[in-house]
Amino acid sequence: MTTEIVGLKIWVRGIVQGVGFRPFIYGLAETHHLTGWVRNTSSGVEIEVNGPQAGVFAFLSAIHDNPPPLARIDELHSQPCEPNGYTSFEIHSSQPQAGDFIPVSPDVSICPDCQKELFSPTDRRYRYPFINCTNCGPRFSIIKDIPYDRPLTTMAGFKMCPDCQAEYDDPHNRRFHAQPTACPVCGPQLWYEENGQNLGEREEALQLARQALKAGKIIAVKGLGGFHLACDATNPQAVEELRKRKKRSDKPFAVMAFDLAAVERHCLVSSKEKELLQSHQHPIVILERKPGSAVAEAAAPYQHTIGMMLPYTPLHLLLLEPAPGFPDVLVMTSANLSEEPIAYTDEDAHSRLAELADAYLLHDRPIHMRGDDSVARVINQSPFMIRRSRGYAPDPIQLPYAIPSILAVGAELKNTFCLTRDDYAFLSHFIGDMENYETLRSFEEGIAHFERLFRIQPGVIASDLHPDYLATRYAVQRATESGLPLVQVQHHHAHLAACLADNHWDTDEPVLGLSFDGTGLGTDGAVWGSEFLLGNYAGYRRLCHLAYVPLPGGDMATRKPARMALAHLWQAGIDWETDLPPVEALCYDERTALRTQLTHRLNSPSTSSMGRLFDAASALIGVRQVATYEGQAAIEMEAMADPHEGGSYVFDIVDGLVDPAPVWQGLISDWRQGTSRPVLSARFHNSVVQMVLDVCKIIQQQTGVKTAALSGGVWQNRFLLEKTCAALEKSGFAVLTHHQVPANDGCIALGQAMVAAKADVV
Ligand code: ZN
Ligand code: ZN
Ligand code: FE
């Protein structure tokens, strides 16, 4: 029997460069005895194979079914061609074309193979803190430009030794074309600095850092996308000292544990949470704290949870290596003063961290792009992003359809920006709260870098409506200077659109958007935040929201839940009786001033904010009167909610307005009867769930809408989200929630881009 030789051309699009795709194809061709070639192109990877039909088909399905772990195939096309008589399989090089672009891989946490070599005494990279391969290591943080080749990364200054070069050139090797590959002979090295003095290098530097950590010192550690401040997480004095120096009073610190076993000593970890911790992104995962954990209270004050992550670089593994008397967990928090961006260059670290760190553990591999750790939580059995950054950015979000090139600048808090090209949305890493010059500069540098890296020249700029956001000002100025059209998108409409895009929503069918958050400027000048919007990418109608209350002191109210509670009581006509917790929290003079402020509406814009409703409830039941970070009062109230409590109160819903007055009366009366805070908290949450369900049903009757889209920071509340989803689904609604991008303002830029794509200007 003769076996006919056939030819097949294959095109692959997606994240297929810098992830070991060509050596994978090479190996696969060998396995199936095929000849031909593979090369990188402007839009992905191109392959031509010759061989028996069965082998060619097996080859094609293996690409589809078992791609390399870091690859993401967005499109796979094939077409028969004439066999071309190749006698072997070859990897061809390719010439980049002007304007070509290709997604860039995010930084990837250390792979199991490299981890094994790191701790294997016979390996030539034994204990080498910068070991990496095609399946792991730095990418986004070291790439200066494309194509992704070593000379265009911050590894350009390190010339490969003959051993590394041989691995790099060998298609059978795990380090074939691994651009950041290095070894102790030719690669980056560590050193340890105290008081401006270099006290040791390489292994000695590592040991000095470990001794200092063990002794309770605070060390600035240069990592993948920036510096961390590290200290012994089980040492209360060290952790409190770190808080004092960072000027961060309550916001939780991230904690890193050597391995899963160490995480489980301190936290309860479900199987989904394990998966997320060990995923190749290695985000910080918010976990339930175990009673009796030795992690210092000060690492996460007033919380039942700890943000935990596993070591994602070889350096972290070496730093946390178990040893007698050495802590099994370290605080690893972004090295910055509160509110500033993370430090990422050595000079920056020396100037900004001098007061914060006792010593530095440094290395000479430069970081080109800063990146904070990502934060996630498991809700309803699936990952839920809170901060999408290291490990995820700049992986593009695949849009439901191609749109023009747009720059969307995002919101004020938890800013990210977004650049689109075809059906890709390049949502940036976490920029931070745009409240100071440093962060603005980081934002501008980030935009310039993305435009260059992905060869995007936006034809439209999109921003929030809020004229005072630094991001909006940047957008207005840039649109003015460039003559590009500016599309200003209402904040809660952007939330709705982001949730649709996150769920690959590709139709114009309107959905019911439940955009619940702390703040966003409305078209009537009020501060919106509990919006029931019937809409799609193109537009929306506002059908219902919480009745307006005054927001005393404007944005300052976020720090004063007690004042927010009194504003709500004032609006509801409920007396400020002196034994109520928020009344007690304010002195007589403060209350008098507040009453005047409310009566005369001094610096008190109207708000329908759901975030502030939660703040008010938290203060009213005595959980928190003063907040040191946004959302703290609500987060602490959620943490204590009794999951077994089923009681609730009833909001008044009249003509598209939701009035919480009866809920306040119910809470106060139960509180007077001595009902516990966990029960009160649960009843408040249940009331909101019931109200959402009631409003959705009313709107469904009026409009026939079948789908609800939940976006906004309020939905980071697991208790609320899980119960709301269950209630809506039980009533026949399809519910869309966020998965790829955060529900908070980290998603706004994506939503702005989707809305702008539908605007007339395009
Ligand atoms: Zn590796
Ligand atoms: Zn080497
Ligand atoms: Fe928002």
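**View 1. The C-terminal end of helix 6 in the predicted model.** Lys 247, the residue that follows helix 6, has a positive phi, near 55°. Helix 6 itself spans residues 236-246.

**View 2. The N-terminal cap of helix 6.** Asn 235 caps this end of the helix. One of its side-chain oxygens lies 3.0 Å from the backbone nitrogen of Gln 237.

**View 3. The buried residues of helix 6 and their packing.** Ala 238, Val 239, Leu 242, Arg 243, Arg 245 and Lys 246 are the buried residues of the helix. They pack against two strands, strand 9 (227-232) and strand 14 (329-334). In an α-helix, residues three or four places apart point the same way, because there are 3.6 residues a turn.

**View 4. An open five-stranded sheet.** The strand order is 4-1-3-2-5, and the pairing is mixed. Strand 4 (72-81) and strand 5 (89-92) form the edges, each pairing on one side only. From one strand to the next, the twist averages 15°.

**View 5. The pairing of strand 2 with strand 5.** Strand 2 (residues 35-40) and strand 5 run parallel and are joined by four bridges. Among the paired residues, Arg 39 has His 92 of strand 5 as its bridge partner. Strands of a sheet pair through backbone hydrogen bonds, either parallel or antiparallel.

**View 6. Helices 1 and 2 against the strands.** Helix 1 (residues 21-31) lies across strand 1 (5-15), strand 2, strand 3 (45-52), strand 4 and strand 5, and runs at about 170° to strand 5. Helix 2 (residues 53-65) lies across strand 1, strand 3 and strand 4; its angle to strand 3 is about 150°.

Technical notes
Residues numbered from 1 in each chain as written. Chains lettered and ligands numbered in written order. Predicted model: local features only at pLDDT ≥ 70, side-chain atom pairs only at ≥ 80, totals over all residues. Heavy atoms only, no water. Pairing = 2+ DSSP bridges. Axes fitted to C-alpha atoms, helices over the stretch in contact; angles between N-to-C directions. Contact = heavy atoms within 4.5 Å. Buried < 20%, exposed > 50% of the residue type's maximum accessible area, 1.4 Å probe, protein only. Polar contact = N/O pair within 3.5 Å; in protein donor to acceptor, adjacent residues only side chain to side chain.
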